[in-house]
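The following paragraphs walk through the structure shown here, beginning with the chain as a whole and moving on to a helix, the cores, a pocket and a loop residue.

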Amino acid sequence: MANQSNHDDVHVVLDDDTPPKYSEEKGSAKFESGFDINSLTAAVGSQILQSSSKSASKLASTYGRIDVLRPYFDLEPKDLRQRLLNSLWPTFSRQPKVIAIDLYGPTMIALTLSAVLLLSMKHSGHVLRREGTLIGTSFAVSFGYWVTLTGIMYAFGFVFNTNVTILELLTVTGYSLFSYCIVLLTSHTMTGHLDFYMAWLIFGLMGSLRLGGVLRSRTPDTKQGVFKTLSALLEG
């Protein structure tokens with residue numbers, strides 16, 4: 001009787017460890033427990049479809065955000081030429097100046113400034129001691145200075161209650177870099193120190209006065225507007 005009981009126990013264990021068998025019904029593979037492989041395939045396909053839909057929606061939203069910036073880069077060549085000339089012509093008025101938001105011109109000026117810096121570094125034989133390239137350094141200096149100058153002017157504007165937005169500041173500070181390009185090109189083409197200081201005094205001062213005059217017109221208080229102009233001159 002004991003042997004028969006042990007045999008029954010072994011038989012039960014074998015029955016429990018036996019793997020489920022496959023069965024084919026109407027061209028579909030199933031486990032005997034009722035699990036359908038086609039259901040798994042359909043679920044995976046549905047998950048892939050949902051992921052593709054999410055990726056497409058993200059791409060569409062990204063293109064939509066880029067399309068929002070398109071009006072700020074749509075500028076006619078004649079308007080660009082006029083704004084470059086205006087950036088060197090100081091004007092002082094009590095009436096608030098209208099600032100046409102434009103990021104195309106400042107971006108091109110920053111790229112030009114980086115090219116001029118790269119030309120000057122190669123001409124002087126400048127060698128980087130740390131890892132990096134000359135072109136990367138010139139890009140970092142030009143665009144970094146543009147963004148830093150905008151941030152400083154925005155902080156001064158917050159202190160002196162200047163009515164100006166961050167995009168308007170990016171526009172006026174970007175165009176003020178045009179005087180930097182002229183000064184650096186002058187120092188590269190004319191090796192005399194006197195030529196450099198004369199260009200810096202004339203074009204640098206004109207560009208800084210233009211920036212200060214625009215910000216002064218946006219400041220309601222006269223005394224605070226004067227301090228704002230002086231801060232722009234110091235930054236220039």
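Two residues are counted as being in contact when they have heavy atoms within 4.5 Å. On that basis, among contacts in the chain between residues at least 6 apart in sequence, 73% join residues at least 24 apart. The model is a predicted one, and its chain comprises 8 helices and 2 strands, which follow one another from the N terminus in the order α-β-β-α-α-α-α-α-α-α. Of the 236 residues in the chain, 28% are buried.

Helix α4, spanning residues 104-124, offers a way into the interior: its 21 residues reach 30 Å from the first C-alpha to the last, close to the 30 Å expected at 1.5 Å a residue. An α-helix has 3.6 residues a turn, so residues three or four places apart point the same way. The buried residues of α4 include Ile-109, Ala-110, Leu-113, Ser-114, Val-116, Leu-117, Leu-118 and Met-121, and the buried residues of this helix pack against α3 (77-86), α5 (134-159) and α6 (166-189). For Leu-113, once neighbours within four places in sequence are left aside, the contacts are with Ser-142, Leu-177, Tyr-180, Cys-181 and Leu-184.

Leu-113 also belongs to the largest nonpolar core, which has 13 residues, and where Leu-80, Leu-84, Ile-109, Leu-113, Trp-146, Tyr-175 and Leu-177 touch the most other members. At least two residues of this core come from each of α3, α4 and α6. Separate from it is a second core of 9 residues, with Ile-99, Leu-169, Val-172 and Val-214 among them.

Where, then, is empty space left? Rolling a probe the size of a water molecule over the atoms shows where empty space is left. The largest pocket has a volume of about 330 Å³, and of the 15 residues that line this pocket, the closest to its centre are Ile-99, Thr-171, Val-172, Tyr-175 and Arg-210. The elements that contribute two or more residues to the lining are α3, α6 and α7 (193-217). Sorted by class, the lining consists of 7 nonpolar, 5 polar and 3 charged residues. Tyr-175 is thus named both in the largest core and at the pocket, while Ile-99 and Val-172 of the second core are likewise listed at the pocket.

A last stop is the loop between α5 and α6, where Asn-161 lies. Most residues other than glycine have a negative phi, and most peptide bonds are trans. Asn-161, although not a glycine, has a positive phi of about 60°, and this residue is partly exposed, with a relative accessible area of 46%.

Methods
Residues numbered from 1 in each chain as written. Predicted model: local features only at pLDDT ≥ 70, side-chain atom pairs only at ≥ 80, totals over all residues. Heavy atoms only, no water. Helix = DSSP H or I, 4+ residues; strand = E, 2+ residues; numbered from the N terminus. Expected span 1.5 Å × (residues − 1). Buried < 20%, exposed > 50% of the residue type's maximum accessible area, 1.4 Å probe, protein only. 1 Å grid on protein atoms, 1.4 Å probe; cavity = no way out; pocket = protein on both sides within 12 Å on 5 of 7 lines; lining within 4 Å. Points joined across faces, edges and corners; volume = space filled by probe spheres on them. Nonpolar A, V, L, I, M, F, W, Y, C, P; charged D, E, K, R; others polar. Core = buried A, V, L, I, M, F, W, Y, C linked by side-chain atoms within 4.5 Å.
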